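Subject: Structure for your review

Dear colleague,

Please find below the structure that I am handing over to you. I should be grateful if you would read the notes beneath it with the structure open beside them.

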Amino acid sequence: MPPKSFETRARELASAFAAKDYERCSRLLPPLKVTLSQLNILVPLLSSDLELLAVARDILEIGALTAIFLRDDLLFSRYIAQLSPFYAMKDKIQPPSSNEKKLIALRLLLLLSKNDIAEFHTELETLEDEADKDIYIRYPVMLERWLMEGSYDKVWKATTQRSEVPAEEFAIFADILVDTIRSEIATCSEKAYPSLPLMNAKHLLFFTEDADLLEFIDQRGWSVKDGRIYFPQESTDPLESGLPMENIIENTLGYARELETIV
Amino acid sequence: MPAPETQEPKVDSNEKMTDAETVQKPKSPEEIAALVLNDIKQNFGFLDKAAVNFEPRFSMRVLRGLGNLRRRLTPDILVSTVDAAYPSPSHKSAALILKYLGKEESTMEIDESLSGNSTPVVLPEIDIYILVLLQVYLLDQGDLVKLNSFNDEAITILRGYNRRTLDALAAKMWFYYAYGKELNKQVVELRPLLLAVLRTSTLRHDTETRAMLTTLLLRNYLHTQAISQAHQLVLKADFPESAATSVVARYLYYVGRIKAIQLDYSAANESLIGAIRKAPQTSYAAGFLQAAHKLKVIIELLMGDIPERSWFREPMYETALSPYMDLVKAVRIGEVPQFSETIEKYGAVFKKDGTYMLILRLRQNVIKTGIRMMSLSYSKISLRDICIRLHLDSEESAEYIVAKAIRDGVIEATIDHEKGFMQSKEILDIYSTQEPNMAFHERIKFCISLHNESVKAMRYPMNQHRVELKNVEEAREREKELASEIQEGDMEDDDGDFDGL
């Protein structure tokens, strides 16, 4: 395909994205990607044409953002994976992308919402300093910190109040995150409180409607009596559960075998 | 020729010679040069034996002496070495070395067809050994540009050979090659080459080079923070455990770092303990040991244990580890503001060590320690007080944090939400649980594995025991003779023997 129509199509894509017509964007993207690979710039090599690389990167970024708005996690991850060699070469491609930090932050947020903490930290290692300085990246980093500490109220505020969220794309993750914190709080509460009045439970779990609360309680299998929630108690008496005899026998036989080999 | 000032008998051990040099007036340069040259020639003998007998121990011995030699190299010594080793200056390696020493002979003609790839007279081991000497020399001179171009050509010569006896030397050469490139910031371009050579060496069952290259690749990836790629390499490439211990130590260190980043703290701790144990415990390995200890301290903190204070006092570690000592103190006390202060103060040091991101994760450990201390010291404490003492932002956060701590098993307590306090549970008698059994099991397992590994690591030189037997028999015969002589001597006149007394 002659590059001219490629450029027009690229501009078409940009305008569709700006108009928030995501359906159209998602239709325009696959043929564009085919053109990119034909022009040899889908994967940036040292031999590729540097100017076109910037165009390719922009197209891929639009693709990633579209995937976010369409709530397609897999597609988003794929675009990010394709974008990472571009970012690795960022000194050579001009002009630097304005969306880079935002996309990295979105990826971190996605990992966090899936509870993939190991990947999260691995990605974070590559960022070093920028974590504190950049407003986009700071968001998932602080969220992770608060989640680990356990200050769920801060997480709640950060996800639900519009003023805290740096860009609208982050708000899309809000639902998933709220679910995550709710289940976390629920698990903590089971262990920590012997029993809890319904009103306080509603407040703790950030519910607004009683109906939602009751549904949640059913889901978790808690019992309600006199307006208080009672959590199932575990028996912590070790002797009740009996000695793990198989384990002990296995270990002792192992020791005997090893000792026999000592001359 | 000027005679040395004092007639000291020439000693052959290296340490004594350096002492002698410093104690009296230094010997003339020619004499020093002659001594170094002798050492090098001795090494040639070892390499020869290594090649003939296929014994890697001799090459290892030669390489161990490398550290000592490198401090005494001068261009003149190298030139005389070249003269001694190569039959003619037109030999490819000889020409290369002379060129880089800046002592090109004007009448030299590099006639490739005459000298061929390598004249059969020069042992490839000796060839590579001298090239390594030059690498080390250029590195010490700090001449990076020369070093890199020399490295490229030296590596081409190396890849022309395919002999197993070259393994240890080849590994060393690759190390300096990669190091030179790293100093020159050409790290990423190095990767495809290293991967290709790793494949070749695996096919050829070249354990030393394989081990060294895996380690170099890991270092490369970690340098550019490509952690997932490093992780993949660890998973897929088998590391030959039978390689030299110094390489194994390095490999374990890198593996420890990768695992620490991926939150697998116990595995990381194990790797690091292995690395510290396998590293030489002398002062030559000080840099490595310090780095390993720094990482170990952080990992112990992340696992929730406090590292022992005795480490920090050892002279080798005191200065290097002092920021970490402050960090440990801050974590132990459990106060977040002090922790943040310590990070601020030593931030640059931590970033240089590459441990900054790991240390940031310690924040929750500080809070957990604080909560744990509260729970242990108070049977009942109001949430408000917790909030004040731990410098948390609000009572709500305090409540959530305590709940999470209980869930994670950090403390044994319950929260009473309406009255707003935390109540600690009775301390459970630990001997009635499975804990002691499991702890014992771990220790027994460890001792047994240690025993097994030591047995496997014992080496007996081949056929040496027959020689020993022969020696023993000879010794016995001699003793018998001696005994019979003494007996005969007794029957003679004794008085004459004891005149001297």
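The notes below describe chain B, then its interface with chain A, and finally two residues in loops. Please keep in mind that this is a predicted model.

Chain B as a whole

Chain B has 501 residues, of which 44% are buried. Its secondary structure consists of 25 helices and three strands. Where contacts in chain B link residues at least 6 apart in sequence, 64% of them join residues at least 24 apart. The accessible surface of chain B is about 28200 Å², and carbon and sulfur atoms account for 53% of that surface.

The interface with chain A

How many residues of each chain are in contact across the interface? On the side of chain B there are 39, and these touch 42 residues of chain A. In general, the size of an interface is often expressed as the accessible area lost when the parts come together. Between chain B and chain A, the buried area is about 3900 Å², with 57% of it given by carbon and sulfur atoms. The residues of chain B that lose the most area to chain A are M357(B), Y400(B) and R407(B), which together make up 19% of what that side buries.

As for polar interactions, six residue pairs are in polar contact across the interface, both residues being at pLDDT 80 or more, while zero salt bridges are found there.

Which elements of chain B supply at least two residues each to the side that touches chain A? They are α13 (227-236), α20 (356-360), α21 (362-377), α23 (395-408), β2 (413-416) and α24 (435-457). The largest share, nine residues, comes from α23(B). Sorted by class, this side of chain B has 15 nonpolar, 15 polar and nine charged residues.

Two residues with positive phi

Most residues other than glycine have a negative phi. Two residues of chain B are worth locating with this in mind.

H205(B) is not a glycine, yet its phi is positive, near 55°. H205(B) lies in the loop between α11 (187-203) and α12 (207-223) of chain B. Is H205(B) buried or exposed? With a relative accessible area of 63%, H205(B) is exposed, because the cut-off for that class is over 50%.

L263(B), also not a glycine, has a positive phi of about 70°. Its place is the loop between α14 (245-261) and α15 (265-278) of chain B. The relative accessible area of L263(B) is 28%, so this residue counts as partly exposed.

Yours sincerely,
A colleague

Note on methods: Residues numbered from 1 in each chain as written. Chains lettered and ligands numbered in written order. Predicted model: local features only at pLDDT ≥ 70, side-chain atom pairs only at ≥ 80, totals over all residues. Heavy atoms only, no water. Contact = heavy atoms within 4.5 Å. Buried area = accessible area lost by both parts, 1.4 Å probe. Salt bridge = Lys/Arg side-chain N within 4 Å of Asp/Glu carboxyl O. Polar contact = N/O pair within 3.5 Å; in protein donor to acceptor, adjacent residues only side chain to side chain. Helix = DSSP H or I, 4+ residues; strand = E, 2+ residues; numbered from the N terminus. Nonpolar A, V, L, I, M, F, W, Y, C, P; charged D, E, K, R; others polar. Buried < 20%, exposed > 50% of the residue type's maximum accessible area, 1.4 Å probe, protein only. Areas by Shrake-Rupley, 256 points an atom, 1.4 Å probe, with all protein chains shown as cover.
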